[in-house]
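Subject: Structure handover

Hello,

Here is the structure for you to take over. Please open the sequence and the coordinates side by side before reading on.

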Amino acid sequence: MTTYWCELAWLGGRRAETGVMIEVEDGLIAAVTEGVSAPPAGAARLDGVTIPGLANAHSHAFQRALRGRTQQGSGSFWTWREQMYSAAERLDPDSYLALARATYAEMALVGVTCVGEFHYVHHGPGGTPYDDPNELGRVLIAAAGEAGLRITLLDACYLHGGIGEPLAGAQERFSDGSADTWAERVDQLGGAGSGSDDGVRIGAAIHSMRAVDPESAAVVARWAREGGRPLHAHVSEQPAENQACLDAYGGTPTALLDDAGALAAAFSAVHATHLDDADVRLLGEAAACCCVCPTTERDLADGIGGMRRLVDAGASLSLGSDSHAVIDLFEEARAVELDERLATGERGRHSAAELLRAAAEGGHACLGWPDAGRIEAGARADLVTVSLDSVRLAGTDPETAVESVVFAAAAPDVRSVIVDGREVVSGGRHVSIDVPRELDQAVRQVML
Ligand SMILES: [Zn+2]
């Protein structure tokens with residue numbers, strides 16, 4: 001049994017509570033006691049605001065290598081995608097392990113305790129499978145374990161270069177040829193499924209309705225539904241994607257996913273940027289999750305989705321850093337609100353507590369970890385402590401500490417991260433990985 005005493009802890013309400021004792025046993029929170037004015041003897045002291053572990057619900061780990069390298073000149077999502085493909089072409093199992101391990105360790109430094117890796121670079125150059133066709137999936141699972149995070153590997157079916165277009169270049173590495181072959185391969189990932197407690201879950205993804213035809217999408221949706229697995233898909237990130245679906249199939253991506261049975265699964269729509277009213281209604285009625293990635297969406301000039309109407313319709317929210325233009329879940333959380341302010345001229349559309357809930361509980365739930373993301377007895381012992389002594393947070397009022405964290409904290413303010421009862425970040429440093437050094441080496445290995 002380990003006992004922690006938190007100066008302030010956010011237990012899910014509107015504000016943080018003062019003087020909270022948290023007892024941890026076997027990786028779980030055994031008890032939470034409020035109103036403990038001083039640390040009991042033997043308790044580890046957590047100064048600042050302690051919040052639940054955050055989930056980065058949408059990641060493509062290899063895209064961390066592109067940071068800063070795609071910011072010159074003009075262009076669009078589609079020109080960025082060409083640069084992304086050139087990075088995807090260069091990955092091999094060793095370089096991918098190093099890059100993902102360092103990227104996940106960077107996530108740990110900002111309080112991420114679980115990552116949803118949307119995995120589509122499956123095969124070797126030219127699409128030749130590795131001896132183990134799940135080699136790169138296993139690399140990602142190993143990387144998360146070494147970085148101290150839980151992972152949900154969302155293995156993505158990817159079959160076409162666009163609607164009616166053949167695969168080209170790096171895309172050949174993404175495809176299994178058919179949805180049935182995709183399912184056979186993912187089945188071989190074996191025991192690391194829902195219910196296991198090795199910190200690993202296997203989920204499914206439909207890359208997009210650009211890359212997967214409706215019949216194949218139905219096969220993936222059925223696989224997810226029958227196995228009780230999370231199912232994610234990129235949805236309406238760009239207007240051109242909607243137009244292509246309307247032209248080819250007469251429906252929006254959301255409508256096509258609904259027809260394919262995807263919304264009946266534990267479904268997350270990633271981005272959900274360009275939706276019409278019927279799409280919003282469908283996602284809300286399905287109680288689907290919308291995984292927003294605002295720093296990537298602004299980086300790629302995708303647009304502002306506006307999540308209030310989705311939440312009002314019945315959808316839940318989670319957050320992801322996606323392309324890793326930056327990795328800072330506080331920045332993702334406040335961007336949901338701040339971008340919407342710019343688009344609507346209205347403040348306070350999402351409260352700080354709602355945004356933090358999306359970052360913690362919402363993300364974990366959509367990745368298949370309903371027992372994480374809350375500080376309460378019985379939950380996984382994921383504790384993230386944000387120090388209040390930085391220039392950003394000095395002067396924080398305990399009454400509005402949740403607002404301070406969500407609207408002003410940055411990654412370096414995270415001093416301590418505990419995942420399943422194990423310390424992963426201490427004193428602002430990863431306990432086993434020199435993160436900047438490993439990132440530097442890993443990125444150079446892929447890009448230079
Ligand atoms: Zn993505």
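What follows goes through the sheets, the helices packed around them, and one helix residue.

Please keep in mind that this is a predicted model.

**The parallel sheet**

Eight strands make up an open sheet with parallel pairing, and their order is 5-6-7-8-9-10-11-12. Strand 5 (54-59) and strand 12 are the edge strands, each pairing on one side only. Direction ignored, neighbouring strands in this sheet are turned by 25 degrees against each other on average.

At one edge, strand 5 pairs with strand 6 (residues 112-119) in the parallel sense over 4 bridges. Within strand 6, E117 is the residue that stands opposite S59.

Towards the other edge, strand 10 and strand 11 run parallel and are joined by 3 bridges. Here S268 stands opposite C289 in strand 11. Strand 11 (residues 289-292) is in turn joined to strand 12 by 4 bridges, again in parallel, and C291 stands opposite S318 of strand 12.

Are the residues on the two faces of strand 11 buried or exposed? C289 and C291 lie on one side of strand 11, C290 and V292 on the other, and all of them are buried. In a regular strand the side chains alternate between the two faces of the sheet. Strand 12 (residues 316-319) shows the pattern as well: S316 and S318 point one way, L317 and L319 the other way, and all are buried.

**Helices on this sheet**

Helix 11 lies across strand 5, strand 6, strand 11 and strand 12, and runs at about 140 degrees to strand 12. Helix 12 also packs on the sheet, where it touches strand 5, strand 6, strand 9 (230-235), strand 10 (266-271), strand 11 and strand 12. The direction of helix 12 makes about 100 degrees with that of strand 12.

**Helix 13 and its two partners**

Two packed helices are described by the angle between their axes and the distance between the axes. Helix 13 (residues 401-408) packs against helix 11 (residues 329-344) at an angle of about 100 degrees, with the axes 7 Å apart. Angles of 65 to 115 degrees count as roughly perpendicular, and helix 11 and helix 13 are therefore roughly perpendicular to each other. On the helix 11 side the contact involves F330, A333 and R334, which meet V405, V406 and F407 of helix 13. By class, the residues of this contact are 5 nonpolar, no polar and 1 charged.

How does helix 12 compare, and at what angle do helix 12 and helix 13 pack? For helix 12 (residues 352-366) and helix 13 the angle is about 60 degrees, and their axes are 9 Å apart. These two helices are therefore oblique to each other, and their crossing is left-handed. Helix 12 contributes A352, A353, L355 and L356 to the contact, while helix 13 contributes V402, E403, V406 and F407. The contact of helix 12 with helix 13 has 7 nonpolar, no polar and 1 charged residues. V406 and F407 of helix 13 appear in the contact with helix 11 and also in the contact with helix 12.

**The mixed sheet**

Another open sheet of 8 strands has mixed pairing and the order 3-2-1-4-13-14-15-16. Strand 3 (28-33) and strand 16 (429-430) stand at its edges with a single partner strand each, so one side of each is left without a neighbour in the sheet.

Strand 13 (residues 383-386) has antiparallel partners in strand 4 and strand 14. Strand 4 (residues 44-52) is joined to strand 13 by 4 bridges, and the bridge partner of T50 in strand 13 is T385. Strand 13 and strand 14 (residues 414-419) pair in the antiparallel sense, also over 4 bridges. In strand 14, V417 is the bridge partner of V384 and I418 that of L383. L383 and T385 point one way from strand 13, V384 and V386 the other way, and all are buried.

**A105**

Which residues does A105 touch, leaving out those up to four places away in sequence? A105 belongs to helix 2 (residues 93-109), and it touches A147, H430, I433, V435 and E438. A105 has 27 other C-beta atoms within 10 Å; since 20 or more count as buried, A105 is buried. From A105 to P93 the separation is 12 residues in sequence and 18 Å in space, C-alpha to C-alpha.

Regards

How values were computed
Residues are numbered from 1 along each chain as its sequence is written. This is a predicted model: local features need pLDDT of at least 70, side-chain atom pairs count only at pLDDT 80 or more; totals for chains, interfaces and linings use all residues. A residue is buried if 20 or more other C-beta atoms lie within 10 Å of its own, exposed if 12 or fewer, and partly exposed in between; C-beta atoms are placed from the backbone. Two strands pair if DSSP finds at least two bridges between them. Axes are lines fitted to C-alpha atoms, for helices over the stretch in contact, and angles run from 0 to 180 degrees between N-to-C directions. Angles under 35 degrees count as roughly parallel, over 145 as roughly antiparallel, 65 to 115 as roughly perpendicular and the rest as oblique. Two residues are in contact if their C-beta atoms, placed from the backbone, lie within 7 Å. Ala, Val, Leu, Ile, Met, Phe, Trp, Tyr, Cys and Pro count as nonpolar, Asp, Glu, Lys and Arg as charged, and the others, Gly among them, as polar. A crossing is left-handed if the near helix is turned anticlockwise from the far one by less than a right angle, and right-handed if clockwise.
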